[in-house]
Amino acid sequence: MNWIEGISEAIKYIEANLTNDLKIEDIAAKAYASPYYFQKSFSLLCGFTIGEYIRNRRLASAGNDLLSCEEKVIDIALKYGYDSVDSFTKAFTRFHGATPAAVRKSGHPIKSYAPLKLELFMKGGYIMDYRLGKVESCTIRVKFERDKKRVVCLDDGRLPDMFFYSLSQLLAEKNEEMNETAICKLDDCTDIENYENLTLPSFMWACFKCEGVSRTDAREKTWKKIKEEWLPQTNYKELSPNSVMVNYTTNDEENDMGEIFIAIKEKGD
């Protein structure tokens, strides 16, 4: 076993035991190395210590748990090896930039930290800002123009944000081949009797801040990380092939690179 294979086996062991008591002796044994040699090799190869890697992976996983499950903060703290809510809160805040309570209450953006994958090059070990949200099930009014492969949605002022993600998924399930989604304002509608009720299912979304030297560079790099790193290491998958949207905030220099929204669902669904 060469040294990259050894470290890869150690990383697999870490990932399988993030919620257990991890000892450097046991981790190094997976690489058939002494604790001293393993820690030194890992730091030289990765640019950070094995302790930093474990801490960041645990805090990233804890952040996702806060958003996706109903576990108490103290239970999540104990799950990832913290003896108290206070020590967990301090570490969590340093990593995510917000307290566990703020993340759970207001949906403050949290950070992901992808698992390392050592091949001929390294993947992971970087931080991504993201936040999760949910769009509840709702009923909208639509008109199908099947000859044009278009569906028109009636906007009565209550049309929810990002509804088209759920609409796209529902139409695909119904085998409705619609290439275009249009919106008609209620005041402009002259054939309201042709509209029918359509109930859309609820869905979750994830939002990622784009970073790069240009909008194109930021968009492409961020989407690549989402597709190749974030999705595989979480319990989510894309809701549908048309579930991605890039949003640019005008007149805002901080968000000039935009955000990528992706509709998601749990892999078991």
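The secondary structure of this chain comes to 9 helices and 12 strands. The model is a predicted one. Of the 269 residues in the chain, 42% count as buried. Taken along the principal axes, the C-alpha atoms fill a box of roughly 75 × 40 × 40 Å. Among contacts with a separation of 6 or more, 66% join residues that are 24 or more positions apart.

**Helix 4 and its packing against helix 6**

Helix 4 spans residues 50-68, a run of 19 residues. From its first C-alpha to its last it reaches 27 Å, close to the 27 Å expected at 1.5 Å a residue. The helix is mostly covered, with 14 of its 19 residues buried.

Helix 4 packs with helix 6 (residues 85-96) at an angle of about 95 degrees, and the two axes are 10 Å apart. The two helices are therefore roughly perpendicular to each other. On the side of helix 4, the contact is made by Asn-56, Leu-59, Ala-60, Ala-62, Gly-63 and Leu-66. Helix 6 contributes Phe-88, Ala-91, Phe-92, Phe-95 and His-96. By class, this contact has 8 nonpolar and 3 polar residues, and no charged ones. An α-helix has 3.6 residues a turn, so residues three or four places apart point the same way.

Ser-61 also belongs to helix 4. Its relative accessibility is 16%, and Ser-61 therefore counts as buried, the limit being under 20%. Leaving out residues up to four places away in sequence, Ser-61 touches Leu-18 and Tyr-80. Ser-61 and Ser-112 are 51 residues apart in sequence, yet their C-alpha atoms are 7.7 Å apart in space.

**His-96 in helix 6**

His-96, one of the helix 6 residues in the contact with helix 4, counts as buried at 3% relative accessibility. Not counting residues up to four places away in sequence, His-96 touches Leu-59, Ala-60 and Gly-63, together with His-108, Pro-109, Ile-110 and Lys-111. Leu-59, Ala-60 and Gly-63 are among the helix 4 residues that make the contact between the two helices.

The side chain of His-96 has polar partners in the backbone. A polar atom of this side chain lies 2.8 Å from the backbone oxygen of Leu-59. The side chain of His-96 also reaches the backbone nitrogen of Lys-111, at 2.9 Å. His-96 and Glu-259 are 163 residues apart in sequence and 18 Å apart in space, C-alpha to C-alpha.

**Two buried acidic residues in strands**

Asp-155 is placed in strand 6 (residues 150-155). With a relative accessible area of 15%, Asp-155 is buried. Its side chain makes a polar contact with the side chain of Lys-185 at 3.1 Å. The side chain of Asp-155 also reaches the backbone nitrogen of Gly-157 at 2.9 Å. Apart from residues up to four places away in sequence, Asp-155 touches Ile-183, Cys-184, Lys-185 and Leu-186.

Glu-259 lies in strand 12 (residues 259-266). Its relative accessibility is 15%, and Glu-259 counts as buried. The side chain of Glu-259 makes a polar contact with the side chain of Arg-131 at 3.1 Å. Neighbours within four places in sequence aside, Glu-259 is in contact with Arg-131, with Cys-207, Phe-208, Lys-209 and Cys-210, and with Met-245, Val-246 and Asn-247.

The polar pairs described for His-96, Asp-155 and Glu-259 are collected here.

| Side chain | Partner | Distance |
|---|---|---|
| His-96 | Leu-59, backbone oxygen | 2.8 Å |
| His-96 | Lys-111, backbone nitrogen | 2.9 Å |
| Asp-155 | Gly-157, backbone nitrogen | 2.9 Å |
| Asp-155 | Lys-185, side chain | 3.1 Å |
| Glu-259 | Arg-131, side chain | 3.1 Å |

**Positive phi in two loops**

Most residues other than glycine have a negative phi. Lys-149 is not a glycine, but has a positive phi of about 55 degrees. Lys-149 is placed in the loop between strand 5 (138-145) and strand 6, and at 35% relative accessibility it counts as partly exposed.

Asn-175 likewise is not a glycine and has a positive phi, of about 60 degrees. Asn-175 lies in the loop between helix 8 (163-173) and strand 7 (180-185), and this positive phi comes just after helix 8. With a relative accessible area of 67%, Asn-175 is exposed. In helix 8 itself, the buried residues include Phe-163, Tyr-165, Ser-166 and Leu-167, as well as Gln-169, Leu-170 and Leu-171.

Conventions. Residues are numbered from 1 along each chain as its sequence is written. This is a predicted model: local features need pLDDT of at least 70, side-chain atom pairs count only at pLDDT 80 or more; totals for chains, interfaces and linings use all residues. Side-chain values use heavy atoms; hydrogens and water are left out. The expected span of a helix is 1.5 Å times one less than its number of residues. Buried means under 20% relative accessible area, exposed over 50%, partly exposed in between (1.4 Å probe, protein chains only). A polar contact is a pair of N or O atoms within 3.5 Å; within protein, one must be able to donate a hydrogen and the other to accept it, and residues adjacent in sequence count only if both atoms are side-chain atoms. Contact means heavy atoms within 4.5 Å. Axes are lines fitted to C-alpha atoms, for helices over the stretch in contact, and angles run from 0 to 180 degrees between N-to-C directions. Angles under 35 degrees count as roughly parallel, over 145 as roughly antiparallel, 65 to 115 as roughly perpendicular and the rest as oblique. Ala, Val, Leu, Ile, Met, Phe, Trp, Tyr, Cys and Pro count as nonpolar, Asp, Glu, Lys and Arg as charged, and the others, Gly among them, as polar.
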